[in-house]
There are 2 protein chains.
Amino acid sequence: MKKSCVVCQSGGPTAVINSSLAGVVISALNSKFIDKVYGSLNGISGLINDKLIDMSLQDKMQIQLLLSTPGAALGSVRYNLSNDYTNLDYKNILSTINKYNIGYVILIGGNDSMDTTAKLAKFFKDNNINVNILGVPKTVDNDLINIDHTPGYGSAIKYIATTIAEIKIDTSVYEKGRVTVVEIMGRGAGWLTAGAKLAELTGYGPDLIYLPEVPFNLENALMQIKELYEKNKKVLVVVSEGIKNEDGSYFFEKYRYKEDNDVFGHMQLEGTAVVLADIVHSKLNIPVRNIILNLPQRCSSHLASKTDINEAFDCGVAAINLIENNTGKMVTMENVGKNGKYEIEYKLVDVASVANFVKQFPKEWIINGNDISNEFIKYSLPLIQGEIEMTYENGLPVFAKLNK
Amino acid sequence: MKKSCVVCQSGGPTAVINSSLAGVVISALNSKFIDKVYGSLNGISGLINDKLIDMSLQDKMQIQLLLSTPGAALGSVRYNLSNDYTNLDYKNILSTINKYNIGYVILIGGNDSMDTTAKLAKFFKDNNINVNILGVPKTVDNDLINIDHTPGYGSAIKYIATTIAEIKIDTSVYEKGRVTVVEIMGRGAGWLTAGAKLAELTGYGPDLIYLPEVPFNLENALMQIKELYEKNKKVLVVVSEGIKNEDGSYFFEKYRYKEDNDVFGHMQLEGTAVVLADIVHSKLNIPVRNIILNLPQRCSSHLASKTDINEAFDCGVAAINLIENNTGKMVTMENVGKNGKYEIEYKLVDVASVANFVKQFPKEWIINGNDISNEFIKYSLPLIQGEIEMTYENGLPVFAKLNK
């Protein structure tokens, strides 16, 4: 008997997590070994609470629009599944799986979601439950290991590089300008912040870039900023939200909403640029401005990378192609191009080998603690190629809306 | 003898002020009554300090790229010209005008720049100097009077509406979300903030919109936010940086850099969303996030409105077409369309009738102090129509660079 497939979206959304969803859904609906295709609302909490929707009943046009819609069309969740199989969640998940004759589960998500995928895979195996589960990677942070880069990252840095160039142009118009400090996302790794370097290719790059991989030396930074300001009368500083002091503590220690730590215990770091701009202003007596790029970094579908959209879609397709005979694995992308050529192949890696590890930005790509090397440009440039074909109506993008 | 023309850019840049520059330069270079065409670097300070560049020597391709380049390619200035004709500035301006045989001056700018235009027009007239001067309007704020709308505004609200929709989608993914407070520019008028209403046309609009034209009642707002949060478990609040208390003081009184008031005495108001989000968090004990859209509102050329770009260009063309026989006037746009049709005609108005007045957002378009009426949608929708044809290279936009 054919089994059905359920797909979940999990963790913070990206500009292309819905493209992966479309890849899964379209190829699952066309698959020979899959019966019905369900979407689980709000990640695995849909499995726990029996909230599945039949994807074959969705408007085809809306499925197509998923490729240019940010957010997570099925809803997302941050939920830390227990390791204790006697936990009621497992009983509820099993009950939903039996009710809908589920044989295949796909979790689209980042690091924490791969942890959940590993737990569920182990649970199914330990209890001889005939369900295969695969993870499909997504995260703007690009901090997963065993993958060339993560879907979502290319669009994020295309947005960041474009926006940094536009800000550089805007902030350069006065003879005597300010020190502008732009804060970029990236809790533990500097991948997103490094993306600002690409703005240089337009002729309008940032002046200083500070990543969390190198301890932030405030005195040095103030000296560098002062020197550049005296020379150019305006400075564009790009800083990761997660830069750390020499002692390993976050630069922005007085983070705003301590009590809002998420369920995985991650801190809310937003505000690093505010603190740094404040210090520049008070210590150097230079006019400042802080800009926190914030959510648009991960939800600006209108500026998504075509390459990223296609790869996210193909990761979803690969999951369906491989799930019949595999479980406990994550779809990965390997750059198999020879002689510096870029050519992605879709493969599987053990999901437990990915979960809970963080891929740092290579320290050897950081120059003098405030610049990024050309090696990074070579690595990241293929990821931002191509522009999205957005459908506009009334002068505004058309976004997908699923029936739930 | 034919006279030469000089063009200046002034005040805060927009996504399309360079399109107006292109309109002026291209039509001036083709004009029969104009000799040479100069660009004045950094607004009128180029006239004061003899810093003009010959626009005929610029690469034609770069002039074309101005249509999709943010910032002010000639550089800008905020400079409050004295009313006292014995001030050295007037002597220096005259000296530059004589040196380059200038007969025509065009100032592209906002309210303050129209004030400068009026002053210079009066100076030329009072002293029988044979120089005509016209203003070309630009400001994202849309707060000039005697004009249907200002070039720059359409692109800004196209960016704002798109970004608000994308943020709405992103912040809706969790069953239990936050109160997200988004801060929009607009020192004295709510035009830009109202633009967020257009996001509704995508199906993803904001929940509450607060404009500076109606006193901000914090207790009411907290009640409205609480009610919506209890119902939907997430709320998207859009707030103007300039909202005021009942007593007329700014809601965000503890503005960050008091000493950075610009030369016209305007305060830096950024931070309204931070303060409001803080209060929501501490009073209602709801998780919050604040997002300040900041400079990208005025420099996101990649999402500019085609209509806006064309109109900005045509305003520049109109200035050249009309400057031979006119002075002391501003190019204006009148919507002469009948029966709700949109049709712009380019005319002139007395620049003194524009300078130093502020066009408030109509109070009758504000509903219940927290929503915007369909009248506004009808008014603003034509302004965001059409998408920019951006040139991409390396996956990033190509921006103009003038030789200076």
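Mentor: Let's start with the words for accessibility: a residue is buried under 20% relative accessible area, exposed over 50%, and partly exposed in between. What you see above is a predicted model.

Trainee: Okay, why is K347(A) called partly exposed?

Mentor: K347(A) has a relative accessible area of 30%. Partly exposed is the range between the 20% and 50% cut-offs, so K347(A) gets that label.

Trainee: And what makes E345(A) and K347(A) a salt bridge?

Mentor: Their closest side-chain N and O are 3.7 Å apart. The cut-off is 4 Å between a Lys or Arg nitrogen and an Asp or Glu carboxyl oxygen, so the pair counts as a salt bridge. E345(A), at 37% relative accessibility, is partly exposed too.

Trainee: How many salt bridges does the structure hold over all chains?

Mentor: There are 29. One of them joins the side chains of D50(A) and K99(A), at 2.6 Å from N to O. That pair links distant parts of the chain, 49 residues apart: D50(A) is in the loop between α2 and β3 of chain A, and K99(A) is in helix α4 of chain A.

Trainee: Are D50(A) and K99(A) buried, partly exposed or exposed?

Mentor: D50(A) has 31%, so it is partly exposed. K99(A) has 54%, and because exposed means over 50%, K99(A) is exposed.

Trainee: What about chain B: how far apart are the closest N and O atoms of D207(B) and K168(B)?

Mentor: They are 3.1 Å apart, and the two residues form a salt bridge. D207(B) lies in the loop between α7 and β7 of chain B and K168(B) in helix α6 of chain B, so the bridge ties together parts 39 residues apart in sequence.

Trainee: How do you know which label each of those two gets?

Mentor: Check each value against the 20% cut-off. D207(B) has 25% and is partly exposed, while K168(B) has 16% and counts as buried. In chain A, salt bridges that share partners join K197(A), E200(A) and D371(A) into one network.

Trainee: What happens where the chains meet?

Mentor: 71 residues of chain A are in contact with 71 residues of chain B. The area buried between the two chains is about 5800 Å², with carbon and sulfur atoms giving 54% of it. Two salt bridges cross this interface, and the side chains of R298(A) and D170(B) meet in a salt bridge at 2.8 Å, N to O. There are also 29 residue pairs in polar contact.

Trainee: Which element gives the most to the side of chain A that touches chain B?

Mentor: That is α6(A), with 10 residues. The residues on that side of chain A divide into 32 nonpolar, 23 polar and 16 charged.

Trainee: Now the inside. Why is V182(A) called buried?

Mentor: V182(A) has 0% relative accessibility, and buried means under 20%, so V182(A) counts as buried. V182(A) is in strand β6 of chain A, and the residues it touches include I164(A), I167(A), V238(A) and I291(A).

Trainee: How many residues are in the largest nonpolar core?

Mentor: It has 193 residues, and those with the most contacts inside it are I106 and F376 of both chain A and chain B. Among the residues that I106(B) touches are V24(B), L134(B), V136(B) and I320(B). Nonpolar side chains in soluble globular proteins tend to be buried together.

Trainee: What makes S373(B) buried?

Mentor: Its relative accessible area is 10%, and the cut-off is 20%, so S373(B) is buried. S373(B) is in the loop between β13 and α12 of chain B and touches W365(B) and I367(B).

Trainee: One last thing: what is the phi of N42(A)?

Mentor: N42(A) has a positive phi of about 60 degrees although it is not a glycine. N42(A) is in the loop between β2 and α2 of chain A, and at 12% relative accessible area N42(A) is buried. Chain B offers N294(B), a residue other than glycine with a positive phi near 60 degrees. N294(B) is in the loop between β9 and α10 of chain B, and at 2% N294(B) counts as buried.

Methods. Residues numbered from 1 in each chain as written. Chains lettered and ligands numbered in written order. Predicted model: local features only at pLDDT ≥ 70, side-chain atom pairs only at ≥ 80, totals over all residues. Heavy atoms only, no water. Core = buried A, V, L, I, M, F, W, Y, C linked by side-chain atoms within 4.5 Å. Buried < 20%, exposed > 50% of the residue type's maximum accessible area, 1.4 Å probe, protein only. Contact = heavy atoms within 4.5 Å. Buried area = accessible area lost by both parts, 1.4 Å probe. Polar contact = N/O pair within 3.5 Å; in protein donor to acceptor, adjacent residues only side chain to side chain. Helix = DSSP H or I, 4+ residues; strand = E, 2+ residues; numbered from the N terminus. Nonpolar A, V, L, I, M, F, W, Y, C, P; charged D, E, K, R; others polar. Lists of a residue's contacts leave out its neighbours within four places in sequence.
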